[in-house]
Amino acid sequence: MGPLSFRIPRERSSLFFEMSLTGSRIYIQYVEFHLNRVFSANTCPTSQPHFMPKDQVDIVIEPVQSTETEEVIDYVMGARVRIFPTLNQAALPPDLAGFKEAYLESGKGQFLVARKGSEIVATIGYLPYDHRFPQLDYSGLKVVEVVRLFVSPDQRGLGLAARLYESLRKLAVAGGIDVLYLHTHPFLPGAISFWQKHRFETVDVEDDPYWQTTHMQSVLPKN
């Protein structure tokens, strides 16, 4: 499938560069991990890299459980206010307000949590794309939006975001998803280049001088 082209409206979404998920249990044993080899569900260990930063060895990534909902929401909202301090923090965004319905009960969303010991250190997920941009033509395609990618400051730069994303991508491929969509902003350090490294292409950049919302997509292979 070639690149998809469409016009993007200038309205903004509340999700920005954030991210969310569920599914059967995933456990990572960090012995030898390679960034491009991820794992599948049902407690399946991954292959691992020949070199793993010492601080990452004891990090476990798995789908969110219903008992973790409040803790995960607190983590995401805390990360959100640090990255997007101008957003309204008084009310939960819809996907967090209806977290269980969005990520645990619908069978359509996915949400992964990374823990170091008992502490959440990163999250990522996806939701079915809601077609809130009327000019965006994804007709006939199964599209999800990558949301809620947050990594704690002391875990950044160590490859954790890449491992989270690659595990999410594997779930999307297994789920028959056609396209992964997201949007981000140039003022987020390294965000655009990160997604480009992970096979995303820029399909539109809005001309708003502050946000410069950058819309990106990755067309997934068929099984």
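**View 1. D74 on helix α1 of this predicted model is exposed, with a relative accessible area of 58%.** Exposed here stands for a value over 50%, so D74 at 58% falls in that class. Helix α1, where D74 is found, spans residues 69–83. Look for L96 as well: D74 and L96 are 22 residues apart in sequence, and their C-alpha atoms lie 9.7 Å apart in space.

**View 2. The protein as a whole combines five helices and seven strands.** Starting at the N terminus, you can trace the elements in the order β-α-α-α-β-β-β-α-β-α-β-β. Of the 223 residues, 53% count as buried. Among contacts with a separation of 6 or more, 69% join residues 24 or more positions apart. The accessible surface comes to about 10500 Å², and carbon and sulfur atoms hold 52% of that area.

**View 3. The largest nonpolar core gathers 29 residues.** Within this core, L160, L164 and W195 touch the most other members. Two or more residues come from each of β1 (59–63), β2 (110–116), β3 (119–128), β4 (143–151), α4 (160–174), β5 (179–184) and α5 (191–197). Helix α4 gives the most to this core, with nine residues.

**View 4. A close-up of L164 shows its contacts beyond the neighbours within four places in sequence.** Those partners are I61, L112, A114, A122, T123, I124 and L149. Separate from the largest core is a second one of 17 residues, including V72, F99, V113 and I120.

**View 5. The structure holds 13 aromatic pairs, and W195 with F200 makes a good one to inspect.** The ring centres of W195 and F200 are 5.1 Å apart and the planes meet at 70°, so this pair is edge-to-face. Both partners are buried: W195 has a relative accessibility of 0%, and F200 has a relative accessible area of 5%. Zoom out a little and you will find Y165, F194, W195 and F200 linked by ring pairs into a cluster.

**View 6. Y210 and W211 form another edge-to-face pair.** Their ring centres lie 4.9 Å apart with the planes at 80°, and because edge-to-face calls for an angle over 60 degrees, the pair gets that label. Which of these residues is buried, and which is partly exposed? Y210 is partly exposed, with a relative accessible area of 48%, whereas W211 counts as buried at 11% relative accessibility. The cut-off for buried is under 20%, so W211 at 11% qualifies.

Key
Residues are numbered from 1 along each chain as its sequence is written. This is a predicted model: local features need pLDDT of at least 70, side-chain atom pairs count only at pLDDT 80 or more; totals for chains, interfaces and linings use all residues. Side-chain values use heavy atoms; hydrogens and water are left out. Helices (H or I, at least four residues) and strands (E, at least two) are DSSP runs, numbered from the N terminus. Buried means under 20% relative accessible area, exposed over 50%, partly exposed in between (1.4 Å probe, protein chains only). Contact means heavy atoms within 4.5 Å. Accessible areas come from the Shrake-Rupley method with a 1.4 Å probe; for residues, only the protein chains shown count as cover. A nonpolar core is a set of buried Ala, Val, Leu, Ile, Met, Phe, Trp, Tyr and Cys residues joined through side-chain atoms within 4.5 Å. Rings of Phe, Tyr and Trp (its six-membered ring) pair if their centres lie within 6.5 Å; planes under 30 degrees apart count as stacked, over 60 as edge-to-face and the rest as tilted.
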